[in-house]
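User: Hi, could you walk me through this structure at an easy pace?
Analyst: Gladly; take a look at it here, and then ask whatever comes to mind.
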Amino acid sequence: MNLTLKIWRQKNANDKGKMVDYQISDVSPDMSFLEMLDVLNNQLIEKGDSPVAFDHDCREGICGMCSLYINGEAHGPDRRVTTCQLHMRMFKDGDTIHIEPFRAKAFPIIKDLVVDRSAFDRVQHAGGFISVNTSGNTQDANSIPISKHAADKAMDAATCIGCGACVASCKNSSAMLFVSAKVSQYALLPQGQVEATDRVLNMVQQMDDEGFGNCTNTGACEVECPKGISLENIARMNREYLSASFKG
Amino acid sequence: MSGILSSSIGRKFAMAISALFLMIFLLQHFAINILSVFSPDTFNEVSHFMGTFWVIQYALQPVLIFGVVFHFVMGFVLEIKNTKARQIKYAVNNGGANSSWMSRNMIWSGLAILAFVVLHFIDFWIPEINIKYIQGDMSGMHNGEFRYFHELVEKFHSPLRVGAYCLAFVFLALHLLHGFESAFQSVGANNKYTKGLKNFSKIYAIGIPAGFIFIALFHHLNQVL
């Protein structure tokens, strides 16, 4: 496959940045998108140019590091996959592919396609945990009854890898799908009840402080989420938040 | 509970509550207006009751006006905040791949509805307030009979106004197609009833504006044909 790539290049956080065109040939349809970018970078390095910076780590869809806004969609045109799982067979010979970083005020660009998603870490630190005594007298997990339904829903929420595709896809740069998944995975389980009120209030406060936008229920996040996190979680977080607000 | 309205979820909740209130009002407004098609006398009597009963005039009407103003103002506040949350736009954004046109353009359909509300107030509400509270005529009568039906019919004589009304109701339908189900999601109602609710929301969102269009066209065509 021969492709034209239009890639966002930005030297650093203060640089204005611009889209730059690259031609790449002999791309195998079996390559992953990131492997295609590796090939491009090899070519750039051989020519003495600066390689395109992009985030990646596990390359098997579980770490949440890869990002990229490809042809107007987070993680590209395929569904329920991260960019590392996106294959070049999704494109046609001669295609022009636009590659941009995830854009949001809360995700400032570090370089090229690499964005700083530490806002998610700070939201997690604000309440995305349970306090458990692990000093040797931990209660046996099987002694706490949990319905299969609740366990399944909690597990579904817990599959969020925090990649930020929800923020990137949302026209408002809202982080509600991410935050609601983290709230829900504990709200559904008995272990999460003790700190439930503080958790949702603190996490939502941190989310707002980070500068994410407001959810207007377009549903784009759910469609683009590589893990299929459901909008049900946002509704649950809304209930949790309203209930916690009235409790004080 | 302090600061709930300054939080993203609190504002979303407030938008949803005002939206649900306005949708109930819209249904009531339609129920009265459709009477003008089937029974002008009943329409006159109900209009007179609505226009003169003190609970409606002094308690519910201010609540309604507050609800309308709040929904518009909060809509603009959220739009401004949301625009600021992404300062550099994407060069290519395929919004159609993951969301409906209606959901992405609520501000534009909302602005069209706002323009219509202004026209509607000039057409009906301001003259009504003038007759009742400035001229002090609470009788509802003109030339020995109720004036409400005649005022309605007279307004729908101009094809330009009828066209503007019909266009506004198309925007209302587009707004409601996303807004109705969105309001329930915002108040936390996403459960086994959601699928049925979504189907009902489509019936409401298309049915009510289509009904208003029918009323406008009915009275217009009755005069010109």
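Analyst: Before we talk about strands, one definition helps: two strands pair if DSSP finds at least two bridges between them. Please also keep in mind that this is a predicted model.
User: Okay, so which residue is the bridge partner of L5(A) in strand 5 of chain A?
Analyst: That partner is I97(A), and the pairing it belongs to links strand 1, residues 3–9 of chain A, with strand 5, residues 96–100 of chain A, through 4 bridges.
User: Do those two run parallel or antiparallel?
Analyst: Strand 1 and strand 5 of chain A run parallel, whereas strand 3 of chain A, residues 69–70, pairs with strand 5 in the antiparallel sense over 2 bridges, and there Y69(A) has E100(A) as its bridge partner.
User: Switching topic, what domains does chain A have?
Analyst: The domain assignment gives domain 1, covering 3–111, and domain 2, made of 117–131 + 144–247, and the centres of these domains of chain A, taken over C-alpha atoms, are 28 Å apart.
User: And how many residues does each domain put into their contact?
Analyst: Domain 1 of chain A gives 18 residues and domain 2 of chain A gives 17; on the domain 1 side, the residues divide into 9 nonpolar, 5 polar and 4 charged.
User: What about chain B, how many of its residues touch chain A?
Analyst: In chain B, 36 residues are in contact with 39 residues of chain A, and the largest share of the chain B side, 6 residues, comes from helix 1 of chain B. By class, that side of chain B has 14 nonpolar, 16 polar and 6 charged residues.

Note on methods. Residues are numbered from 1 along each chain as its sequence is written. Chains are lettered from A and ligands numbered from 1 in the order in which they are written. This is a predicted model: local features need pLDDT of at least 70, side-chain atom pairs count only at pLDDT 80 or more; totals for chains, interfaces and linings use all residues. Two residues are in contact if their C-beta atoms, placed from the backbone, lie within 7 Å. Ala, Val, Leu, Ile, Met, Phe, Trp, Tyr, Cys and Pro count as nonpolar, Asp, Glu, Lys and Arg as charged, and the others, Gly among them, as polar. Domain bounds come from an automatic or database domain assignment.
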